[in-house]
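User: Hi! Could you walk me through this one? I'd like to ask a few quick things as we go.

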Amino acid sequence: MRTRVAGALLAVLALTVTAGCASDDGGSAEREPAGRSTTAADRVEPLADTPVPQLPVTVRSSDGRKVTVRDAERIVPLSGSLSEIVFTLGLGDRVVARDITATFAQAEKLPVVTRNHDVSAESVLSLKPDLVLAETTTGPDEAMDQIRDAGVPVLVVDPAKGLEDVGLRIGTVARALGVPAAGEELTKRSEDRIAAVRKDIPKKTDKPRVAFLYLRGTASVYLIGGKDSGATSLLEAAGAVDGGAESGLEKDFTTITTEALAKAAPDAILVMSKGLESVGGIDGLVKIPGVAQTPAGMERRVVSIEDGVLLNYGPRTDEVLKSLVDQLYGDTK
């Protein structure tokens, strides 16, 4: 459903790529973001022991189909999040292509099979994959049907909406690849690391209010996240309140207005690093109508996290949460 966060962001990102904010190769040679970001180096950490897939397996896809996977030698994950899971399971050497959102170091040299976030069936099929991993928002439908009609198994995975989805998505991908035990190990590692970060969050009576803003200055896209933006779970895990959701914004994203920002009344603003860069850093951010009048704008309190990991809810979510906590609380921890 395109109303979900992944669909909403992909639609906006498609516009911004067309407008020149990103390149079709995924922007592997990125400039430094304009704001401060403490996210770790853009690499994934595979499990210590490389698992051996036990195939064939038959799994249920979220589109209702039963998918039989007989080989997993040539895998094409069609989102950065799914690529991250495959690589972290230790099977990155089997991945033969990437979506433009898979920007972490181990994947950056792989050929890109999407353009403006639309899948190129011809590009995918030219690589002779034996398994394609997709999100419910992956499209267009005609391209996905073309891949299926060519006899390639396509597993569709439900989108990530919160911390509770970390283990579910890892497990789904691991079972499809015939490595369920590795999936359990990675799930435990991921959940343990998230729990460790949460233990270090300051216990405060007054929870900071944070507004999640999606910005693409070159395309004049300025949005504030509501309860379906995907950021609420992350903010709550960090001991904060999602200002947009709390103020009554029901949609995933709404065009920024002075009134909406006033109702959200954020103590801090959460942005993706490329988005902050696209508006000219914090100096440009506070020029957006209404921002300077918020407590966050007056204090220039901005939390910037890399685009490629912020809402993935996967094996690196602990790093995202730690970055959010470190920037949000600073020296008060």
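User: Which residues does leucine 110 touch, not counting residues up to four places away in sequence?
Analyst: Happy to help, and keep in mind that this is a predicted model. Leucine 110 touches Phe87, Val95, Val96, Ala97 and Arg98.

User: And where is leucine 110 placed?
Analyst: Leucine 110 sits in the loop between α2 and β4. From its C-alpha to the C-alpha of aspartate 99 is 9.2 Å, and those two are eleven residues apart in sequence.

User: Is leucine 110 buried or exposed?
Analyst: Leucine 110 counts as buried, because its relative accessibility is 18% and the cut-off for buried is under 20%.

User: Arg98 was among those contacts. What is the relative accessible area of arginine 98?
Analyst: Arginine 98 has a relative accessible area of 2%, so this residue is buried. Arginine 98 is in the loop between α2 (80-91) and β4 (114-115).

User: A buried arginine, then. Which backbone oxygens does the side chain of arginine 98 reach?
Analyst: There are two to mention here. A polar atom of the arginine 98 side chain lies 3.3 Å from the backbone oxygen of alanine 107, and the side chain also reaches the backbone oxygen of glutamate 108 at 3.4 Å.

User: Let's switch to rings. How many aromatic pairs are there in the whole structure?
Analyst: A search of the whole structure gives three. One of them joins phenylalanine 87 and phenylalanine 104: edge-to-face, 5.2 Å centre to centre, with 80° between the planes.

User: Which parts does that pair tie together?
Analyst: Phenylalanine 87 belongs to helix α2 and phenylalanine 104 to the loop between α2 and β4, so the pair ties together parts 17 residues apart in sequence. Phenylalanine 87 counts as buried at 9% relative accessibility, and phenylalanine 104 counts as buried at 2%.

User: What's another pair, and how is it arranged?
Analyst: Phenylalanine 212 and phenylalanine 253 are also edge-to-face, at 5.8 Å centre to centre and 65° between the planes. That pair links distant parts of the chain, with phenylalanine 212 in strand β8 (residues 209-216) and phenylalanine 253 in strand β11 (residues 253-255), 41 residues apart. Phenylalanine 212 and phenylalanine 253 are both buried. Together with Tyr214 they form one aromatic cluster.

User: Back to α2. How many of its residues are buried?
Analyst: Twelve of the twelve residues of α2 are buried. Among them are Gly80, Glu84, Phe87 and Leu91.

User: What covers the buried residues of α2?
Analyst: The cover includes the strands β3 (75-77), β6 (131-135) and β7 (154-157), as well as the helices α5 (165-176) and α6 (180-199).

User: Where does threonine 138 lie, and what is its side chain close to?
Analyst: Threonine 138 lies in the loop between β6 and α4 (141-149). A polar atom of its side chain is 2.8 Å from the backbone nitrogen of glutamate 135. With 13% relative accessibility, threonine 138 counts as buried.

User: Last topic, cavities. How many of 30 Å³ or more does the structure hold?
Analyst: It holds one. The largest cavity contains about 40 Å³ of space.

User: Which residues line the largest cavity?
Analyst: The lining consists of Val44, Glu45, Thr88, Arg189, Arg193, Pro315, Arg316 and Glu319.

User: And how does that lining divide by residue type?
Analyst: Five residues of the lining are charged, two are nonpolar and one is polar.

Conventions: Residues numbered from 1 in each chain as written. Predicted model: local features only at pLDDT ≥ 70, side-chain atom pairs only at ≥ 80, totals over all residues. Heavy atoms only, no water. 1 Å grid on protein atoms, 1.4 Å probe; cavity = no way out; pocket = protein on both sides within 12 Å on 5 of 7 lines; lining within 4 Å. Points joined across faces, edges and corners; volume = space filled by probe spheres on them. Nonpolar A, V, L, I, M, F, W, Y, C, P; charged D, E, K, R; others polar. Helix = DSSP H or I, 4+ residues; strand = E, 2+ residues; numbered from the N terminus. Buried < 20%, exposed > 50% of the residue type's maximum accessible area, 1.4 Å probe, protein only. Polar contact = N/O pair within 3.5 Å; in protein donor to acceptor, adjacent residues only side chain to side chain. Phe/Tyr/Trp six-rings, centres within 6.5 Å; stacked < 30°, edge-to-face > 60°. Contact = heavy atoms within 4.5 Å.
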